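Trainee: Could you walk me through this one? I'd like to ask some questions as we go.

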Amino acid sequence: MRYVQGGGLTDAGRAARERIRLQAVERFEGGQKNREIAAALRVSERSVERWRRQWRERGKAGVLSKGSPGRPRLGDTQIARLERELERGPLIHGWVDQRWTLARIKTLIGRLFHVSYTVEGTWLLLKRHGWSWQQPARRAIERDDTSVNVWKKETWPRVRASRRSGGHGSSLRTRPGSR
């Protein structure tokens with residue numbers, strides 16, 4: 001099974017793979033051929049070739065694990081700073097309106113902390129720290145809230161009450177007398 005950049009492996013899994021690479025290094029130093037090493041360690045020859053090249057170029061450090069390739073994380077102080085910057089608003093950071101979009105927050109994180117997130121990763125970060133999606137209320141500037149409340153209390157009950165009276169209906173598509 002192949003994992004891109006070690007993704008999907010636990011720390012124990014990465015350590016096990018690193019042990020196999022270090023065993024290969026011992027065999028390189030012993031002068032064994034790639035085919036023999038691949039058969040003994042039950043890996044592909046191509047992997048052994050790649051490890052040998054890394055070993056020749058950088059020594060033993062070339063085959064050591066580089067750690068988890070997981071997403072970069074912001075620390076608590078960075079999260080607190082991000083929250084303060086978000087509260088200041090998008091205008092301060094150079095956008096023309098007051099909407100924080102995920103793309104804008106992603107850009108802000110990159111500018112402030114030199115850390116790259118995807119838009120989806122930005123959403124997960126925000127969600128993980130208790131922030132939620134907000135939709136601005138779209139209301140006309142000319143709206144008069146007192147008039148709206150009066151209409152809801154006085155006019156709407158009259159309009160709503162003028163429904164058809166509750167007489168007997170027919171389940172037929174046409175009225176019986178219209179045939």
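Mentor: Let's start with a term we'll need: buried means under 20% relative accessible area, exposed means over 50%, and partly exposed is in between (1.4 Å probe, protein chains only). Also, this is a predicted model, where local features need pLDDT of at least 70 and side-chain atom pairs count only at pLDDT 80 or more, while totals for chains, interfaces and linings use all residues. Residues are numbered from 1 along each chain as its sequence is written, and side-chain values use heavy atoms, with hydrogens and water left out.

Trainee: Okay, is Asp 97 buried, partly exposed or exposed?

Mentor: Take its relative accessible area, which is 22%. Buried needs under 20% and exposed needs over 50%. So Asp 97 counts as partly exposed.

Trainee: Which residues are linked with Asp 97 in a network of salt bridges?

Mentor: A salt bridge here is a side-chain nitrogen of Lys or Arg within 4 Å of a carboxyl oxygen of Asp or Glu. Asp 97 forms one with Arg 99, the closest N and O atoms being 2.9 Å apart. The side chains of Arg 104 and Asp 97 meet in another, at 2.6 Å from N to O. The residues linked with Asp 97 are Arg 99 and Arg 104.

Trainee: Is Arg 104 buried or exposed?

Mentor: Arg 104 sits in helix H5; helices are DSSP runs (H or I, at least four residues), strands are runs of E with at least two, and both are numbered from the N terminus. Not counting residues up to four places away in sequence, Arg 104 touches Pro 90, Trp 95, Asp 97 and Arg 99, where contact means heavy atoms within 4.5 Å. Its relative accessible area is 13%, so Arg 104 is buried.

Trainee: And how many salt bridges does the structure hold?

Mentor: Besides the network, there's a bridge where the side chains of Asp 145 and Arg 143 meet, 2.7 Å from N to O. Asp 145 is partly exposed at 41% relative accessibility, and Arg 143 is partly exposed at 37%. The number of salt bridges in the structure is five.

Trainee: Trp 95 came up as a contact of Arg 104. What kind of aromatic pair do Trp 95 and Trp 100 form?

Mentor: Rings of Phe, Tyr and Trp (its six-membered ring) pair if their centres lie within 6.5 Å; planes under 30 degrees apart count as stacked, over 60 as edge-to-face and the rest as tilted. Trp 95 counts as buried at 17% relative accessibility, while Trp 100 is partly exposed at 25%. Their rings lie 5.6 Å centre to centre with 70 degrees between the planes, so the pair is edge-to-face.

Trainee: How many residues apart are Phe 28 and Trp 55?

Mentor: Those two form a tilted pair, 5.3 Å centre to centre with 40 degrees between the planes. Phe 28 is buried, with a relative accessible area of 4%. Phe 28 belongs to helix H1 (residues 11-29) and Trp 55 to helix H3 (residues 45-58), so the pair links distant parts of the chain. Along the chain they are 27 residues apart.

Trainee: Which helix gives the most to the largest nonpolar core?

Mentor: A nonpolar core is a set of buried Ala, Val, Leu, Ile, Met, Phe, Trp, Tyr and Cys residues joined through side-chain atoms within 4.5 Å. The largest one has 13 residues, and Leu 74, Leu 82, Ile 109, Phe 113, Val 115, Tyr 117 and Leu 125 touch the most other members. Helix H4 (76-88), helix H5 (102-113) and helix H6 (119-128) each supply at least two residues. With five residues, the top contributor is H5.

Trainee: How many residues are in the other core?

Mentor: That core lies apart from the largest one. Among its members are Ala 24, Ala 38, Leu 41 and Val 48. Its residue count is nine.

Trainee: Last one: what is the phi of His 114, about?

Mentor: His 114 is found in the loop between H5 and H6. It is exposed, with a relative accessible area of 71%. His 114 is not a glycine, although its phi is positive, at about 55 degrees.
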